[in-house]
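User: I've got a model open and want to go through it with you. Can we take it piece by piece?

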Amino acid sequence: MIHVFAFYLFAAIVVCSGALTILSRNPVHSVLWLILAFFNAAGLMVLLGAEFIAMLLVIVYVGAVAVLFLFVVMMLDIDFAELRAGFVDYLPFGMLIALVLLAEIVLGIGIWSAGPIELAQRTAPVNPELSNIQAIGGLLYTRYIFLFEAAGIILLIAMIGAIVLTHRARGGVRSQNIARQNRRRPEDAIRNVNQPIGQGVEL
Amino acid sequence: MTAFFQNLGMSYDGAWLLSTVIGILLIALPLMLAVAMIIYADRKIWAAMALRRGPNVVGPFGLLQSFADGAKVFLQETIIPSAANRTLFLIAPIITFTVALISWAVIPFQVGVVLADINVGLLYILAVSSLGVYGVVLAGWSSNSKYPFYSAIRASAQMISYEVSIGFTLISVVLWAGSFNLTEIVESQKGYYGLLNGHGFNPLLFPVAVIFFISALAETARTPFDLTEAESELVAGYQTEYSSMAFALYWLGEYANVILMCALNAILFWGGFLPPIDWAPLYYVPGILWLFAKIFFFFFVFSWVKATVPRYRYDQLMRLGWKILLPLSLFFVFLVSGFLMLTRYGGAQ
């Protein structure tokens, strides 16, 4: 009973907040609705028994990606008139993408309801006694190790690319060298001068 | 407890719901009391280190000071700035407070005395603590005021930076314990050298414990990392525009988070509810008392740091997070996993 109630609660909130993500006028509100959708999707995954994926969804998407996203959107200077100005121009293109997505969803559901698909290589059967984490780890680090590493390398390249594109060496920055500061002794910094009266100091 | 209510003739769902609600109250209400007393303790310790008396007027030794403050704040008017985003302005402190409370669901107080004994307990804590930043960020943005906004920007960058090194330190512990379940992590710390309980006594994990402690200070925005509310630059940071109960919710949430981080220190590295020495008579003391003693010890260290260490500059904070703690914690993940590979898991094949 509680499971059914929880499912409909999470599902309804996911759908509503998904709709509000694209309907709300203020971009910051959009991001917040998106975060709510992520969070409730994680709740749905807990109901499916995929608690590891659910926690990862919250840690990665809600805790890191969405925070950075919100960070950027918050700093935008929002001009609502300008936001809506390009609406008509982009409408045909948006409709096209929506149509493609709709076709894919219909196709996907059609195939699913047509019956089980005999894939050429089914994944290894999962031992029901293993916990989520062990099952995923066992598959990911044995059977799919090369794909996993390839994904890691792609992300690394993307990260290096982003740094190379945005990094600029600025001149005239006096950055702090803590090791040099700590090495500095009074003898290096202070000099006692017996200064004759009426003359400038030679430093 | 579910079984007890089922015996009274309730259905399973009803009994489960009732026992969970009772469990939540049994954790949340003492926690609020603990927060009130720990604020008092914080002020007393801080005052003692500055050779002052601290709160000493309300009640014996000033013990009721926090309750007097709470009553005062409760009676004040909630002022909402006219330019603020009203809904988000009110939701933000509620988020902080809720998030600070829900992590306690997976904290084991004793063997079996835990509200939700889930096998991804540590990941749950990581997930929930990563939500904490939203309260601060939303407060900063919705106040529509410049100092809170600066504070929100600082907070989001700071918390994301230190969460990375917290994640790596947790991985080292999980590798050693072989589980994400907090009770199992505590149980795995039994009997180092047949004498001591706690991963902190392990020479490979002690540096990890230090890294975790520093990151915990940064994650809860305590001094020396309290740049989000640096009063010399940002008035009061993200809570500048808050008053009355909304302000009190930040206050409570902040200290609940501090106690949580102290509890995590105790549970992950110093044996949680186990006595520090693996000696049979010490097990007669209830585990919950050991846990509380350890939490209070770490809270004392938190206060000690607050009273003695000056605030970092923002670039130093980022440097410490990304250039020192992150590589160090990553290095220890390699070290710990390599050591376990060679010893526990049968060597390189």
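Analyst: Sure. Helices and strands here are DSSP runs, with at least four residues for a helix (H or I) and at least two for a strand (E), numbered from the N terminus. Keep in mind that this is a predicted model.

User: With that in hand, what pattern does chain A follow along the sequence?

Analyst: Chain A has 9 helices and 0 strands. Read from start to end, the pattern is therefore written with helix symbols, as helices and strands are the DSSP runs just described. For chain A that gives α-α-α-α-α-α-α-α-α.

User: And what share of the residues of chain A count as buried?

Analyst: The cut-off for buried is under 20% relative accessible area. The accessible surface of chain A comes to about 16400 Å², and 69% of that belongs to carbon and sulfur atoms. Of its 203 residues, the buried share is 17%.

User: Among contacts in chain A between residues at least 6 apart in sequence, what percentage join residues at least 24 apart?

Analyst: Contact here means heavy atoms within 4.5 Å. Taking the chain A contacts between residues at least 6 apart, the part that joins residues at least 24 apart is 54%.

User: Over to chain B. Is L29(B) buried or exposed?

Analyst: L29(B) sits in helix α2, residues 12-49 of chain B. It belongs to a nonpolar surface patch with Y12(B), W16(B), L17(B), V21(B) and L25(B), which together have about 590 Å² of accessible area. The relative accessibility of L29(B) is 55%, so the residue counts as exposed.

User: Which side chain does S179(B) join in a polar contact?

Analyst: S179(B) is in the loop between α6 (146-177) and α7 (182-187) of chain B. With a relative accessible area of 10%, S179(B) is buried. Leaving out residues up to four places away in sequence, S179(B) touches V174(B), E184(B) and I185(B). The polar contact, at 2.9 Å, is with the side chain of E184(B).

User: Now the charged pairs. How far apart in sequence are the parts tied together by R222(B) and D42(B)?

Analyst: The side chains of R222(B) and D42(B) meet in a salt bridge, 3.2 Å from N to O. R222(B) lies in the loop between α8 (206-219) and α9 (231-234) of chain B, while D42(B) lies in helix α2, so the parts they tie together are separated by 180 residues.

User: Are those two partners buried or exposed?

Analyst: Buried means under 20% relative accessible area. R222(B) has 5%, so it falls under that cut-off. D42(B) has 1% and also counts as buried.

User: Which helix holds D69(B), the partner of R43(B)?

Analyst: D69(B) and R43(B) form a salt bridge at 3.1 Å, N to O. D69(B) is buried at 15% relative accessible area, whereas R43(B) is partly exposed at 31%. R43(B) is in helix α2 and the pair ties together parts 26 residues apart in sequence, with D69(B) in helix α3 (residues 65-75) of chain B.

User: What about R313(B): which residue does its side chain meet in a salt bridge?

Analyst: R313(B) counts as partly exposed, at 41% relative accessibility. Its partner is partly exposed too, with 42%. The N to O distance is 2.8 Å, and the partner is D315(B).

User: Which residues do shared salt-bridge partners join into one network?

Analyst: The structure holds 6 salt bridges over all chains. One of them is the R222(B) and D42(B) pair from before. Salt bridges that share partners make one network of D42(B), R222(B) and K306(B).

Methods. Residues numbered from 1 in each chain as written. Chains lettered and ligands numbered in written order. Predicted model: local features only at pLDDT ≥ 70, side-chain atom pairs only at ≥ 80, totals over all residues. Heavy atoms only, no water. Patch = residues over 30% accessible without salt bridge, like charges linked within 9 Å, V, L, I, M, F, W, Y side chains within 5 Å. Areas by Shrake-Rupley, 256 points an atom, 1.4 Å probe, with all protein chains shown as cover. Salt bridge = Lys/Arg side-chain N within 4 Å of Asp/Glu carboxyl O. Buried < 20%, exposed > 50% of the residue type's maximum accessible area, 1.4 Å probe, protein only. Polar contact = N/O pair within 3.5 Å; in protein donor to acceptor, adjacent residues only side chain to side chain.
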